[in-house]
Number of protein chains: 2
Amino acid sequence: MSEDRLSRVFAALADPTRRDLVARLSSADATVGELAAPYDVSLQAVSKHLKVLEDAGLVSRESRRAPVRLEAEVFDLMTKWIDRYQQQAEERYRRLDALLDEMQDSTRETSRQQSREQDAS
Amino acid sequence: MSEDRLSRVFAALADPTRRDLVARLSSADATVGELAAPYDVSLQAVSKHLKVLEDAGLVSRESRRAPVRLEAEVFDLMTKWIDRYQQQAEERYRRLDALLDEMQDSTRETSRQQSREQDAS
DNA sequence: CTCGTTGTCAACCAAATGGTTGAGGAGTAC
DNA sequence: GTACTCCTCAACCATTTGGTTGACAACGAG
């Protein structure tokens, strides 16, 4: 679905300069020239970076010379992706802990271990 | 600081195959061979993908043939980065809304507009 | 209308990326 | 110890990426 979108977003944020642009845009809109000023690369290079951010939907503009604006909704897309696997991974940790507890119990009372294995789904 | 780390993490997740690997590892550890099976690329290609994930700290193994495990802590790094700018952007939206409210007030009662401009920092 | 400013497009280049195949290293099983 | 299985390393290739410079399109000010 939005597989491709997610790829573009992550790829866009993989570059430190582009992350810095996002950081700066989070506190104020700015024109391309303003954005390019602090870096020691050409204006064209920054323009390209902005195109990448724009293609990823992280940033938008109403016209060429209009100030660039951060599109904060895209963050939700990432957060949603991350949260899913983070939660799943944490859930697994919890189960692992439970299993380790079981094993410790078994070493203490070895005779009872079979009665505890009902949840081997 | 962990600028470089963040770049590697985002770059790692920019590839759909690698995101799929992460997704699968979030529900169960697996060996390289098991992970490679579903894809129609070579085992070597998957091995490379895993190296990228490993260099980003997203994944780890105790030895070559040991099952690969997802390192969930890295998600915190991303979430922290995202949250900062998401919150900042939302804060700006709130201020913008407030400003728009002010402007609407001004059009209604134009004579009082100067008394409302104390926060022009 | 003309001129200067601002930003993009095009062509080019070096380095990185994602894939391939072939060879080899390290365990495991016999 | 030998053989097999699993995985990685090396070399190579095509494509993408991040940068450059030069030309030019479009807009605002005079």
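## Protein–DNA contacts and the chain A–chain B interface

Of the atoms of DNA strand D that lie within 4 Å of the protein, 51% belong to sugar or phosphate, and the rest belong to bases. The model described here is a predicted one, and the surroundings of DNA strand D are taken up before those of DNA strand C and of the contact between the protein chains. Around DNA strand D there are 20 residues, of which A:S42, A:Q44, A:K48, A:H49 and B:S47 are the closest. Several approaches to this strand come from chain B. The side chain of B:R61 places a polar atom 2.9 Å from a phosphate oxygen of DNA strand D, and a backbone N or O atom of B:V32 is found 3.5 Å from a phosphate oxygen of the strand. For B:R64, by contrast, the partner is a base oxygen of DNA strand D, which lies 3.4 Å from a polar side-chain atom of this residue. Two or more residues of the surface near DNA strand D are given by each of α4 (43-55) of chain A and α3 (32-36) and α4 (43-55) of chain B. When this surface near DNA strand D is sorted by class, nine residues are charged, seven are polar and four are nonpolar.

DNA strand C is likewise surrounded by 20 residues, and those that come nearest are A:S47, B:S42, B:Q44, B:K48 and B:H49. Of the atoms of DNA strand C that come within 4 Å of the protein, sugar and phosphate account for 52%. Both protein chains reach this strand through arginine side chains. In chain A, an N or O atom in the side chain of A:R61 is 2.9 Å from a phosphate oxygen of DNA strand C, while an N or O atom in the side chain of A:R65 is 3.0 Å from a sugar or linking oxygen of the strand. In chain B, the side chain of B:R18 has an N or O atom 3.1 Å from a phosphate oxygen of DNA strand C. The surface near DNA strand C draws at least two residues from each of α3 (32-36) and α4 of chain A and α4 of chain B, and its residues comprise nine charged, seven polar and four nonpolar.

The contact between the two protein chains involves 31 residues from chain A and 31 residues from chain B. Together, chain A and chain B bury about 2,800 Å², with 58% of this area on carbon and sulfur atoms. Four salt bridges are found across the interface of chain A and chain B, including one between A:D29 and B:R92, in which the closest N and O atoms are 3.1 Å apart. Across the interface there are also 14 residue pairs in polar contact, with both residues at pLDDT 80 or more. On the side of chain A that touches chain B, at least two residues are supplied by each of α1 (3-13), α2 (16-27) and α5 (73-108) of chain A, and the largest share, 13 residues, comes from α5(A). This side of chain A is made up of 19 nonpolar, six polar and six charged residues.

As regards the arrangement of the two copies, a turn of 180 degrees and a shift of 0.0 Å along the axis lay chain A on chain B with an RMSD of 0.1 Å. That is the relation of a two-fold axis. Because 100% of the interface residues of chain A are also interface residues in chain B, the copies meet through the same surface.

Over all chains, a search of the whole structure finds 14 salt bridges. One of these joins A:D55 to A:K51, with the closest N and O atoms 3.3 Å apart. Both A:D55 and A:K51 belong to helix α4 of chain A, where they are four residues apart, about one turn of the helix.

Technical notes:
Residues are numbered from 1 along each chain as its sequence is written. Chains are lettered from A and ligands numbered from 1 in the order in which they are written. This is a predicted model: local features need pLDDT of at least 70, side-chain atom pairs count only at pLDDT 80 or more; totals for chains, interfaces and linings use all residues. Side-chain values use heavy atoms; hydrogens and water are left out. Contact means heavy atoms within 4.5 Å. Buried area is the accessible area (1.4 Å probe) that two parts lose on being put together, summed over both. A salt bridge is a side-chain nitrogen of Lys or Arg within 4 Å of a carboxyl oxygen of Asp or Glu. A polar contact is a pair of N or O atoms within 3.5 Å; within protein, one must be able to donate a hydrogen and the other to accept it, and residues adjacent in sequence count only if both atoms are side-chain atoms. Ala, Val, Leu, Ile, Met, Phe, Trp, Tyr, Cys and Pro count as nonpolar, Asp, Glu, Lys and Arg as charged, and the others, Gly among them, as polar. Copies are superposed by least squares on the C-alpha atoms of residues with pLDDT of at least 70 in both. A residue is near a molecule or strand if one of its heavy atoms lies within 4 Å of it.
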